[in-house]
Amino acid sequence: MRKSLWFRNGGQPHRGWYKNFWVDSSWELAFLMWHLDHGKEIVRNTQNFPYPFRRGVKYYRPDFIVEGTYYEIKGVMDYRSRRKLQYFPYPIVIVGPKQIKPFLEYAESKYGKDFFLRIRQSTSYNSQELEK
């Protein structure tokens, strides 16, 4: 069994399933909740895009596609993140700490401060459980 990752500030990352969507963080969950609740067309991106890194090639996968536009939920913009975006072939919206605030406020006001507990923390899921 793989050990959980721990953040520098303590605690485990909030990742798992929500309404048939995989999310890697509470930020992604808040973003997803807002779009689903407002009837926006949102899908989890599954396409990888190559970018050169050092002497090889790595692959980048943005988080979501909302009504035809790619979105990346990003807490920290480091060198590797900038490199990925430099070679990304389509327009992309970066949702950083300032931009995510309204989505977090929405999720907390509608679902409570512990909205992230709605994530099912397993790699398999029962869709009936997710609707609860």
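Contact, in these legends, means heavy atoms within 4.5 Å. This is a predicted model, in which local features need pLDDT of at least 70 and side-chain atom pairs count only at pLDDT 80 or more, while totals for chains, interfaces and linings use all residues. Residues are numbered from 1 along each chain as its sequence is written, and side-chain values use heavy atoms, with hydrogens and water left out.

**View 1. The whole chain, for orientation.**
Let's start with the overall layout. Among contacts in the protein chain with a separation of 6 or more, 46% are between residues 24 or more positions apart. The secondary structure comes to 4 helices and 8 strands; helices (H or I, at least four residues) and strands (E, at least two) are DSSP runs, numbered from the N terminus. Reading from the N terminus, the elements follow the order β-β-α-β-β-β-β-β-α-β-α-α. The protein chain has 132 residues, and 34% of them count as buried. Buried means under 20% relative accessible area, exposed means over 50%, and partly exposed lies in between (1.4 Å probe, protein chains only).

**View 2. The largest nonpolar core and its phenylalanines.**
A nonpolar core is a set of buried Ala, Val, Leu, Ile, Met, Phe, Trp, Tyr and Cys residues joined through side-chain atoms within 4.5 Å. The largest one here has 22 residues, and Phe31, Phe64 and Phe115 touch the most other members. At least two residues of this core come from each of strand 2 (21-23), helix 1 (26-37), strand 6 (64-66), strand 7 (69-73) and helix 3 (97-111). Helix 3 gives the largest share, 6 residues. Apart from this core lies another, of 7 residues, including Phe49, Tyr51, Phe53 and Ile65. Zoom in on Phe31 and, beyond its neighbours within four places in sequence, you will find it in contact with Ile42, Phe64, Val66, Tyr71, Ile73, Val95, Ile100 and Phe103.

**View 3. The open sheet of four strands.**
Here 4 strands form an open sheet with mixed pairing, in the order 3-6-7-8; two strands pair if DSSP finds at least two bridges between them. Strand 3 (42-44) and strand 8 (92-95) are the edge strands, each pairing on one side only. On average, neighbouring strands of this sheet are turned by 30 degrees against each other, direction ignored. Axes for such angles are lines fitted to C-alpha atoms, for helices over the stretch in contact, and angles run from 0 to 180 degrees between N-to-C directions.

**View 4. Strand 7 and its partners.**
In strand 7, 4 of the 5 residues are buried, so this strand is largely enclosed by the rest of the structure. Strand 6 and strand 7 run antiparallel and are joined by 3 bridges, with Phe64 standing opposite Tyr71. These two strands form a hairpin with 2 residues between them, and Glu67 in the turn has a positive phi of about 45 degrees. Strand 7 and strand 8 run parallel, joined by 4 bridges. Facing residues in strand 8 are easy to pick out: Tyr70 stands opposite Ile92, Tyr71 opposite Val93 and Glu72 opposite Ile94. From strand 7 the chain crosses through helix 2 to strand 8, and this β-α-β crossover is right-handed. A crossover is right-handed if, with the strands pointing away from the viewer, the path from the first strand over the helix to the second runs clockwise.

**View 5. The two faces of helix 2.**
Within helix 2 (residues 79-86), Ser81, Arg83 and Lys84 are buried. Seen down the helix axis, the buried residues of helix 2 fall within an arc of 160 degrees, so they line one face of the helix; the arc is that of the directions from the helix axis to the C-beta atoms. These buried residues pack against strand 4 (49-53) and strand 5 (56-60). The face turned away from the buried side carries the exposed residues Tyr79 and Gln86.

**View 6. Two buried polar side chains, Asn45 and His35.**Asn45 lies in the loop between strand 3 and strand 4 and is buried, with a relative accessible area of 3%. Not counting residues up to four places away in sequence, Asn45 touches Arg61, Pro62, Asp63, Phe64, Ile65 and Tyr70. His35 lies in helix 1 and also counts as buried, at 5% relative accessibility. Leaving aside neighbours within four places in sequence, His35 is in contact with Lys40, Ile42, Val66 and Phe103.
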